[in-house]
Protein chains: 2
Amino acid sequence: MTENAKKILPRLDESLLTHLPPFSKLERRQIRVILDQASSRRYDEGAHIFEEGETAERFFMLLDGYVRVVRVTQTGEQVTALHIPSGQLLGIAKAIGRESYPATAVTATESIVLSWPMRLWDTFVTEYDGFATETYKTVGHRVGELNTRIVELATQQVEQRVANALLRLINQTGRKVDDGIEIDFPITRQDLSELTATTLHTVSRLLSAWEKQGIVESKRKRIKVTDPHALVELSQP
Amino acid sequence: MTENAKKILPRLDESLLTHLPPFSKLERRQIRVILDQASSRRYDEGAHIFEEGETAERFFMLLDGYVRVVRVTQTGEQVTALHIPSGQLLGIAKAIGRESYPATAVTATESIVLSWPMRLWDTFVTEYDGFATETYKTVGHRVGELNTRIVELATQQVEQRVANALLRLINQTGRKVDDGIEIDFPITRQDLSELTATTLHTVSRLLSAWEKQGIVESKRKRIKVTDPHALVELSQP
DNA sequence: CGCAAACCTTGCGCCAGCGCAAATTTCATC
DNA sequence: GATGAAATTTGCGCTGGCGCAAGGTTTGCG
């Protein structure tokens with residue numbers, strides 16, 4: 001409840017966008033236009049922003065929160081392809097020449113999301129300097145991440161993959177706390193297992209072992225890394 | 001030798017490009033300009049067209065042959081991310097906002113490759129209608145493939161992955177022969193294992209088993225699928 | 001033709017990590 | 001503070017597929 005209170009919809013204020021890469025170089029007037037055309041919306045934890053295969057009718061910017069990009073197999077298993085932190089565009093199917101979303105976006109926390117109808121895409125690209133470049137950089141970055149995940153899945157042991165995943169999470173979304181770095185959103189053993197292609201049981205065992213060694217501390221849905229260096233060691237082959 | 005004789009450098013003729021998606025809509029005059037600025041080159045089997053991390057100074061079109069896109073881990077293992085058939089662009093770092101190539105391109109057969117200096121990229125995008133769209137579609141398609149590979153690696157057994165890889169190869173690059181479909185380029189057990197994240201031993205065992213069941217026939221570096229339907233069965237969970 | 005290099009096959013033992021099962025802890029709600 | 005749902009922990013046995021090793025086959029080359 002108190003959490004909710006903090007996360008009311010923000011006023012559509014210029015300062016929301018000016019510091020974000022795709023828009024940072026724009027004039028106030030341009031930002032104004034962009035904001036006027038945007039819809040703002042709050043999503044609960046676990047909500048789906050868009051679904052794989054759906055016609056891509058809107059594109060999104062994550063203002064606050066975290067999003068998991070997942071695929072679901074025929075047998076219903078979920079596989080997490082990426083984690084997206086706030087400040088990034090998502091659902092940018094047009095930037096990769098697609099008419100439909102290639103995966104499903106699920107909020108990992110309550111999130112605030114801005115969105116625009118896809119028909120504005122071309123306008124944004126032609127009207128706003130740097131927008132195209134930034135979106136292609138975003139795509140490039142994600143392609144890099146996908147490649148990295150493939151290499152990890154192909155060559156590393158489960159322990160290394162989980163260690164790597166944790167490191168990536170604290171790098172991207174870590175919050176410094178008293179004696180360590182905590183992952184900034186609720187994450188279950190199940191989530192971690194979907195991210196590392198293993199089972200929640202194995203993740204649980206690993207975390208227990210690491211906790212005994214003083215590398216991490218974890219409560220339900222919370223993980224704090226107290227000795228990142230040790231994790232780096234574990235993540236090396 | 002006779003093989004080589006067939007694969008001399010082609011004359012830079014208009015018909016080379018007119019039927020390829022990125023250029024198909026262009027006028028003869030435009031094709032002429034594009035060809036004038038291109039370099040044509042033949043690569044031996046196993047040659048590297050470009051290396052991961054290298055500054056992306058040129059972009060390429062594969063006119064004939066097949067290319068594997070690979071990453072090499074710190075420990076020297078190779079992981080194949082994609083296979084690219086002829087008629088496609090590659091090394092299009094600019095389309096994903098990168099200054100350097102994100103992976104290494106290795107020829108799987110002798111190949112004929114056209115290339116242009118990257119400084120022409122923006123010109124191509126602005127001057128030639130449909131070029132940008134096609135490149136983004138290419139990117140989109142590859143992102144889809146990468147996602148699929150991640151899901152496969154994460155959820156499937158080795159046997160299913162190898163079956164899937166074979167099916168994909170015969171779909172993309174299969175050549176109908178007397179009593180089956182043959183993969184159109186030399187492929188070793190090792191190659192297949194790098195494509196499916198397993199060992200050449202396991203691939204060898206699987207192929208032997210399948211050969212006994214009459215699903216495939218294979219010689220050194222050659223694989224022919226005689227019963228694709230059975231493979232489809234095996235590829236399902 | 002004979003040799004070396006590259007490629008392929010097969011047997012055997014082992015173990016990381018999964019599946020199953022059951023118990024326990026934590027949290028939200030009334 | 002009682003109840004139920006969700007998340008987590010832990011034990012145990014089994015097995016897919018890897019590592020190791022040895023031997024066989026095909027191809028290219030001097």
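The points below concern the two chains of a predicted model and how they are built and paired.

1. Conventions. Residues are numbered from 1 along each chain as its sequence is written, and chains are lettered from A and ligands numbered from 1 in the order in which they are written. Because the model is predicted, local features need pLDDT of at least 70 and side-chain atom pairs count only at pLDDT 80 or more, while totals for chains, interfaces and linings use all residues; side-chain values use heavy atoms, with hydrogens and water left out.

2. Symmetry. A turn of 180 degrees with a shift of 0.0 Å along the axis lays chain B on chain A at an RMSD of 0.0 Å (least-squares superposition on the C-alpha atoms of residues with pLDDT of at least 70 in both copies). The two copies are thus related as by a two-fold rotation axis. Within chain B, B:Ile150 comes closest to that axis, its C-alpha being 2.9 Å away.

3. Interface. Chain B and chain A each contribute 27 residues to the contact, where contact means heavy atoms within 4.5 Å. The two chains bury about 2,600 Å² between them, and 74% of this is on carbon and sulfur atoms; buried area is the accessible area (1.4 Å probe) that two parts lose on being put together, summed over both. B:Arg71, B:Tyr136 and B:Ile150 supply 21% of the area that chain B buries against chain A, more than any other three residues. The copies meet through the same surface, because 100% of the interface residues of chain B are also interface residues in chain A.

4. Annotated domains. The unreviewed UniProt entry places "domain: Cyclic nucleotide-binding" on residues 22-110 of chain A and "domain: HTH crp-type" on residues 156-229 of chain A. UniProt positions are given in the numbering used here, feature names are shortened, and annotations may be inferred rather than shown by experiment. In the model, residues 22-110 of chain A are 10% helix and 40% strand, with end C-alpha atoms 23 Å apart. Residues 156-229 of chain A are 53% helix and 22% strand, with end C-alpha atoms 19 Å apart. Helices (H or I, at least four residues) and strands (E, at least two) are DSSP runs, numbered from the N terminus.

5. A:His83. This residue is found in strand β5 (residues 78-85) of chain A. At 12% relative accessibility A:His83 counts as buried; buried means under 20% relative accessible area, exposed over 50%, partly exposed in between (1.4 Å probe, protein chains only). Leaving out residues up to four places away in sequence, A:His83 touches A:Val67, A:Arg68, A:Leu169, A:Gln172, A:Phe185 and A:Leu195. A:His83 and A:Arg168 are 85 residues apart in sequence, and their C-alpha atoms are 9.5 Å apart.

6. Helix α8 of chain B. The buried residues of α8(B) are B:Val203, B:Leu206, B:Leu207 and B:Trp210. Seen down the helix axis, they fall within an arc of 95 degrees, so they line one face; the arc is that of the directions from the helix axis to the C-beta atoms. The face turned away from the buried side carries exposed B:Arg205 and B:Lys212. Cover for the buried residues includes α6, α7, β11, β12 and α9 of chain B.

7. Backbone. A:Ala197, in the loop between α7 and α8 of chain A, has a positive phi of about 55 degrees although it is not a glycine. B:Lys221, in the loop between β11 and β12 of chain B, is not a glycine either and has a positive phi of about 65 degrees. B:Lys221 counts as partly exposed at 35% relative accessibility. B:Gly214, which follows α8(B), has a positive phi near 75 degrees.
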